[in-house]
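Subject: Structure handover and notes

Dear colleague,

I am passing on to you the structure below, together with some notes on what was found in it. Please read them with the model open beside you.

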Amino acid sequence: MYQGKKIIQPPFLKKGDKVALVAPAYWVAEEAILMAADVLREWELEPVIGVHSNNLDVDAYAGTADERATDLMNAFEDDSIKAIICSRGGYGSIHLLNRIPPEVYQQHPKWLLGHGDVSILLNAMVAAGVMCVHGPMGFQIAAAQEPTSTVVRDLLFGTLPQYKVAAHACNRCGHAEGVLVGGNLSSYASVTKTPYHLSPDQNIILFIEDLEESLHSIDRLFYSLLLQPDFKRVKGVILGTFTSIRYDLQFSGVEQMLIEHLKELDIPVCCGFPVGSDICLPLIEGAPCTLDVTEKETLLTFQMEGASKVCEIQAEQAHLMREKMI
């Protein structure tokens, strides 16, 4: 089993807890924020909306870098707030990295949720030694799609998802154990080899997804990861969804291209996992997990303390969710 440094697991929520809605990057429409707050109330949680969420005077950003960092810092340092949901990604999370000391995450461990550009903050949090959740953001929670909404709610309250995904033609079978890290490839690659990346004593399961990139850009980013000495700590790879990709290389898909790069490594690879910009099933970053890829299916299982139960999520549910979100 996983032998690396123990990562702090934030406490699960209980009814009545406060949850902050914060915009660390782009602004989001006030209507979406208010709808997300209503969903949190339906979950019997108390929403707290960040001051700088829809500041239209600062280009596409929700506020200046200092204002956005202050909102996130305030949410972490307020111990009455038990979780933070990022309202939207876009671009700009990287501006907050050197404005939030790692000690803030360590001294006030709580669940941080987001994906896309927010992957930068999630990886900084894991590098500081605290788990977080790659999952839907506030504007998506506002839409309250099923089963995503239910899985996120249940996870926050302590029910772990166990994912079963149908086999993919490009899969490579095998078993792997490690700490789950990754997210949006463009964002994840931008913080590797920095202090905001996973510490060097952990085996990892790497998951990636991306949106609106070209094949050659994905190829360059992924190949740069392969060239790094610490890629040897990657014991398994999960390829999520790659949406609105520009096909400027001679490959039929992203999976075919990346599998070609991984063929020399004796590690399992799962393709088509339901995680990305249009499929937001939550993944627990920093959590020890096992990845089992067989000819029949892929199984991803988390090992965490204090969970009330495990809920099996079938691939068919993910397909239904995608139809609703596109």
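In strand E9, the bridge partner of Leu206 is Val237, and this pairing belongs to a set of seven bridges that join strand E8 to E9 (residues 234-243), the two strands running parallel. Please keep in mind throughout that this is a predicted model. On the pairing of E8 with strand E7 (residues 174-184), six bridges are found, again in the parallel sense, and one of the pairs there sets Val179 opposite Ile204 in E8. Strand E8 is mostly covered, since seven of its eight residues are buried.

Two residues already mentioned, Ile204 and Leu206, also appear in the lining of the largest cavity, where they are joined by Tyr188, Thr192, His197, Leu225, Gln228, Asp230, Phe231, Arg233 and Val234. That cavity holds about 80 Å³ of space, and a search of the whole structure finds two cavities of 30 Å³ or more. By character, the residues that line the largest cavity divide into six nonpolar, three polar and two charged.

The largest pocket is a separate entry in these notes, and about 510 Å³ of space lies in it. Its lining is made up of 23 residues, of which Gly90, Gly116, Asp117, Asn184 and Leu211 are the closest to the centre of the pocket. Strand E8 (204-211) returns here, for it supplies at least two residues of the lining, as do helix H5 (138-141) and helix H7 (185-191), each on its own account. The lining of the largest pocket divides into six nonpolar, 11 polar and six charged residues.

In the loop between H7 and E8 you will find Lys193, which has a positive phi of about 65° although it is not a glycine. Most residues other than glycine have a negative phi, which is the reason for pointing this one out. Lys193 is exposed, because its relative accessible area of 56% is over the 50% cut-off. A second residue of this kind is Glu44, whose phi is near 65°, again a positive value in a residue other than glycine. Glu44 is found in the loop between helix H1 (30-42) and strand E2 (46-49), and with 45% relative accessibility, which lies between the 20% and 50% cut-offs, it counts as partly exposed.

Turning to another set of paired strands, strand E13 (residues 297-302) has five of its six residues buried, so it is largely enclosed by the rest of the structure. Strand E12 (residues 288-293) is joined to E13 by five bridges, and the two run antiparallel; in one of these pairs Thr290 stands opposite Thr301 in E13. The connection from E12 to E13 is a hairpin that passes through three residues. Strand E6 (residues 159-166) is also antiparallel to E13, with four bridges between them, and there the bridge partner of Ala166 is Glu297 in E13.

Among the helices, H2 (residues 65-77) allows a simple check of its length: at 1.5 Å a residue its 13 residues should span 18 Å, and the C-alpha atoms at its ends are 18 Å apart, which agrees. How is the burial of H2 distributed, and which residues of H2 are buried? They are Ala65, Arg68, Ala69, Asp71, Leu72, Met73, Ala75 and Phe76. What covers these buried residues includes strand E1 (18-22), strand E3 (81-86), helix H3 (102-107), strand E4 (111-114) and helix H4 (119-127).

Close to this group in the notes is His108, which is found in the loop between H3 and E4. At 15% relative accessibility, under the 20% cut-off, His108 counts as buried. Leaving aside its neighbours within four places in sequence, His108 is in contact with Phe76, Glu77 and Asp79, and Phe76 is one of the buried residues of H2. By contrast with those contacts, the C-alpha atoms of His108 and Cys270, which are 162 residues apart along the chain, are separated by 34 Å.

With best regards

Notes. Residues are numbered from 1 along each chain as its sequence is written. This is a predicted model: local features need pLDDT of at least 70, side-chain atom pairs count only at pLDDT 80 or more; totals for chains, interfaces and linings use all residues. Side-chain values use heavy atoms; hydrogens and water are left out. Buried means under 20% relative accessible area, exposed over 50%, partly exposed in between (1.4 Å probe, protein chains only). Two strands pair if DSSP finds at least two bridges between them. The expected span of a helix is 1.5 Å times one less than its number of residues. Contact means heavy atoms within 4.5 Å. On a 1 Å grid over the protein atoms alone, a cavity is a set of points where a 1.4 Å probe fits but cannot get out, and a pocket is an open set with protein on both sides within 12 Å along at least five of seven lines; lining residues have an atom within 4 Å of a point. Grid points are joined across faces, edges and corners, and a volume is the space filled by probe spheres set on the points. Ala, Val, Leu, Ile, Met, Phe, Trp, Tyr, Cys and Pro count as nonpolar, Asp, Glu, Lys and Arg as charged, and the others, Gly among them, as polar.
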